[in-house]
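Colleague: Could you give me a close look at the first helix of this model and at the parts that surround it? I'd be glad of one connected walk-through, residue by residue where that helps.

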Amino acid sequence: MVQTQRAWDATYDALAAPRPRDTTALRRRLLRLSVRLWWHPYWETVPSVPVARSELRQLARSREAVRAA
């Protein structure tokens, strides 16, 4: 799931860039990744989904920061 979140972040950043290319493909990818993240079976097992989603985003970002360093 962390990889999917990282892919979601990268796709979102690509769409947010000035004059992105192939926005249709990027939007479709973002939608597919969003669905994959939102409906993952893991969310049925955690007591607080909003907190867990936030932790997933933070974990994905921290791993990106480690890779960039």
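Modeller: Contact, in what follows, means heavy atoms within 4.5 Å. Please also keep in mind that this is a predicted model.

Happy to start with the helix itself. H1 covers residues 2-16. At 1.5 Å a residue, its 15 residues should span 21 Å, and the C-alpha atoms at its ends are indeed 21 Å apart, so the two values agree. The buried residues of H1 are Val2, Thr4, Gln5, Arg6, Ala7, Asp9 and Thr11.

Let me take two of these in turn, beginning with threonine 4, which is found in H1. Its relative accessibility is 15%, so threonine 4 counts as buried, the limit being under 20%. Which residues does threonine 4 contact, leaving aside neighbours within four places in sequence? They are Leu33, Arg36 and Leu37. H2 takes in residues 23-38. Alanine 25, by contrast, is 17 Å from threonine 4, C-alpha to C-alpha, with the two positions 21 residues apart in sequence numbering.

Glutamine 5 is the next residue to look at, also in H1. Glutamine 5 has a relative accessible area of 5%, and therefore it is buried too. Setting aside residues up to four places away in sequence, glutamine 5 touches Leu37, Leu56, Arg57 and Ala60. Leu37 is thus a partner of glutamine 5 and of threonine 4 as well. Glutamate 44 lies 39 residues from glutamine 5 in sequence and 18 Å from it in space, C-alpha to C-alpha.

Several of those partners lead us into the core. In soluble globular proteins, nonpolar side chains tend to be buried together. Here, the largest nonpolar core has 7 residues: Val2, Leu37, Trp43, Val46, Ala52, Leu56 and Ala60. Helix H3 (residues 49-68) supplies the largest share of this core, 3 residues. Val2 is one of the buried residues of H1 and a member of the core, while glutamine 5 touches the core residues Leu37, Leu56 and Ala60. Further along the core, alanine 52 is in contact with Trp43 and Val46, once its neighbours within four places in sequence are left aside.

Now follow the chain out of H1, into the loop between H1 and H2. Arginine 19 is found there, and so is aspartate 22. Are these two residues buried or exposed? Arginine 19 has a relative accessible area of 81% and is therefore exposed; aspartate 22, at 54%, is exposed as well, because the cut-off is over 50%. Most residues other than glycine have a negative phi. Arginine 19, however, has a positive phi near 50°, and the phi of aspartate 22 is also positive, at about 55°.

Past the loop comes H2, where valine 35 is found. Valine 35 has 43% relative accessibility, so it counts as partly exposed. Together with Leu31, Trp38 and Trp39, Val35 makes a nonpolar surface patch of about 510 Å².

Key
Residues numbered from 1 in each chain as written. Predicted model: local features only at pLDDT ≥ 70, side-chain atom pairs only at ≥ 80, totals over all residues. Heavy atoms only, no water. Helix = DSSP H or I, 4+ residues; strand = E, 2+ residues; numbered from the N terminus. Buried < 20%, exposed > 50% of the residue type's maximum accessible area, 1.4 Å probe, protein only. Patch = residues over 30% accessible without salt bridge, like charges linked within 9 Å, V, L, I, M, F, W, Y side chains within 5 Å. Areas by Shrake-Rupley, 256 points an atom, 1.4 Å probe, with all protein chains shown as cover. Salt bridge = Lys/Arg side-chain N within 4 Å of Asp/Glu carboxyl O. Expected span 1.5 Å × (residues − 1). Core = buried A, V, L, I, M, F, W, Y, C linked by side-chain atoms within 4.5 Å.
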